[in-house]
Each structure stands twice: as C-alpha cells, then as structure tokens.
Amino acid sequence: MVINEKFLLSAGAEVKEYNSGDIIFHDGATPHYYYQIIKGNVKLNNYNKEGKELIQKIISEGESVGESLLFTEKPYPMDAIALEPCSVLRLCRNNFFSMLNIYPQLYFDLCKGLSDCLYYQYVMLEANSSQNPSERIMGVLGYLKDSKKDQSQFSFRIPFTRQQLAGFTGLCVETAIRVIKDMEKKKIVRIKNRKIYF
C-alpha cells in the first residue's frame, strides 16, 4: 500500500465505485485527484495512431494511480479504466498536499511507490526495446515473478490473458499466442486449463 488508508480518509478522501469498463480518468485530462485502489484492478493504457492498444500497467489493490502527475500539473498521458468492479479512494489534490505537509513521513511511502513505478518502467522499456517477441514476453513474465517468494519453475500463475500480455509488449495477439506456445514446447512455461504458469 502506498499510503495507509486512515491518513487518506482523515484528509477527506472519498470511496468511489466503478464498474468494469468505467473510465477513472482519460488521456489529456488534468490531474485533480490522488487515487488508490481498495479493491479490483485498473488498466493504464493508450492507443497508437493505428488504434492498437498499449497497456502500460495493471494496477491492483493497495496501489496508487497517476500520483506523479499531481506534482507536475501536466495532463494524463494515458487512460485509467476499471477492469472489473472497483472501489477506489479518491483525494482531491489540495487535500493531498495538505496531508503530506501535516504528515511528512508519508513522503517516504510515496517516494517508495514512485520508485517502484520507475523500476517497472525501466524493466518494461528494456524488454520492449527488443525486436524479439520472445524476449518481450519474457521481460513481462520475469518482472511479474521477481516479486514472488517462490521462484521455483511453474510456481507463478500469470494473472493476465494472452491479449493483455500482447498489450503490455506491443505485440499482436496472434504473435503473443504463438510465442507462449513455443515457450511451452521449450518448457519455459506450463499451460494448464488455459492458464500460464511461469
């Protein structure tokens, strides 16, 4: 969790409910709120000129969304869309900064969260710079599994669909499916009940 919920609620945060497919904020909008997920998953994405979706990240329970832009006052460069019914704490920008002034120790929690986001961006940028589709997929799978205690082979079930993996890597769905099947043949992943284990 980036910031303990009790601090957010005491600063005036409200709980907002979103249905699957609801837009929390959109590309080009001005950041007015700090968002932190209580329940559910939120997709950060954009579309290229050809209309192809690029998934930047999927945010889960306890994670925050777009907070770095509150400091720059620049518009959102992505959409945030609920992937399922979500509960989200929303705190207006002015109250967010007042809370940080009252509780300066929260800056450390916030900096750690921002550092984790930067690390993710670096890893994904390196993986997606490869022309090899297999290396792109391996970059995503490796990053996802790195945070788990159990590092044994096939111990981690990938929580994303093949279409979402394609979206993370900028590949077409057919290429992602072909690469994953090839990885299964090479015993890099295991597929059981249509789920991928790495």
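**Pockets, cysteines and nonpolar cores**

In this predicted model, the lining of the largest pocket draws at least two residues from each of strand 5 (53-59), helix 4 (106-128), helix 5 (133-146), helix 6 (162-169) and strand 10 (195-197). Helix 4 is the greatest contributor to this lining, supplying nine residues. The volume of the largest pocket is about 1000 Å³. Its lining comprises 40 residues, and those nearest the pocket centre are Ile58, Ser60, Glu63, Leu144 and Phe160. By class, the lining of the largest pocket consists of 19 nonpolar, eight polar and 13 charged residues.

The second largest pocket encloses about 320 Å³ of space. It is lined by 16 residues, with Leu44, Ser68, Met78, Cys117 and Gln121 closest to its centre. At least two lining residues come from each of strand 5, strand 6 (64-65) and helix 4. Helix 4 again accounts for the largest share, here four residues. Nine nonpolar, five polar and two charged residues make up the lining of the second largest pocket.

Cys117, one of the residues closest to the centre of the second largest pocket, was next examined for its bonding state. A disulfide is a covalent bond between the sulfur atoms of two cysteines. The structure contains zero disulfides. Cys117 accordingly takes part in none, and the nearest cysteine sulfur, belonging to Cys111, lies 12 Å away. Because its relative accessibility is 27%, Cys117 is classed as partly exposed. Cys172 is likewise partly exposed, since its relative accessible area is 34%.

In soluble globular proteins, nonpolar side chains tend to be buried together. In the present model, the largest nonpolar core has 22 residues, among which Ile137, Leu141, Ile158, Phe160, Leu165, Phe168 and Val189 make the most contacts inside the core. Strand 5, helix 4, helix 5, helix 6 and helix 7 (173-185) each provide at least two residues of this core. Phe160 thus belongs to the largest core and is also among the residues nearest the centre of the largest pocket.

The surroundings of Phe168 were considered in further detail. Apart from neighbours within four places in sequence, Phe168 is in contact with Leu54, Ile55, Gln56, Lys57 and Ile58, and also with Tyr120, Met124, Asn128, Val140 and Phe160. These partners include Ile58 and Phe160, both of which are listed among the residues nearest the centre of the largest pocket. A second, separate core is formed by 17 residues, including Tyr18, Ile37, Leu69 and Tyr76.

Technical notes
Residues are numbered from 1 along each chain as its sequence is written. This is a predicted model: local features need pLDDT of at least 70, side-chain atom pairs count only at pLDDT 80 or more; totals for chains, interfaces and linings use all residues. Side-chain values use heavy atoms; hydrogens and water are left out. On a 1 Å grid over the protein atoms alone, a cavity is a set of points where a 1.4 Å probe fits but cannot get out, and a pocket is an open set with protein on both sides within 12 Å along at least five of seven lines; lining residues have an atom within 4 Å of a point. Grid points are joined across faces, edges and corners, and a volume is the space filled by probe spheres set on the points. Ala, Val, Leu, Ile, Met, Phe, Trp, Tyr, Cys and Pro count as nonpolar, Asp, Glu, Lys and Arg as charged, and the others, Gly among them, as polar. A disulfide is a pair of cysteine sulfur atoms within 2.5 Å. Buried means under 20% relative accessible area, exposed over 50%, partly exposed in between (1.4 Å probe, protein chains only). A nonpolar core is a set of buried Ala, Val, Leu, Ile, Met, Phe, Trp, Tyr and Cys residues joined through side-chain atoms within 4.5 Å. Contact means heavy atoms within 4.5 Å.
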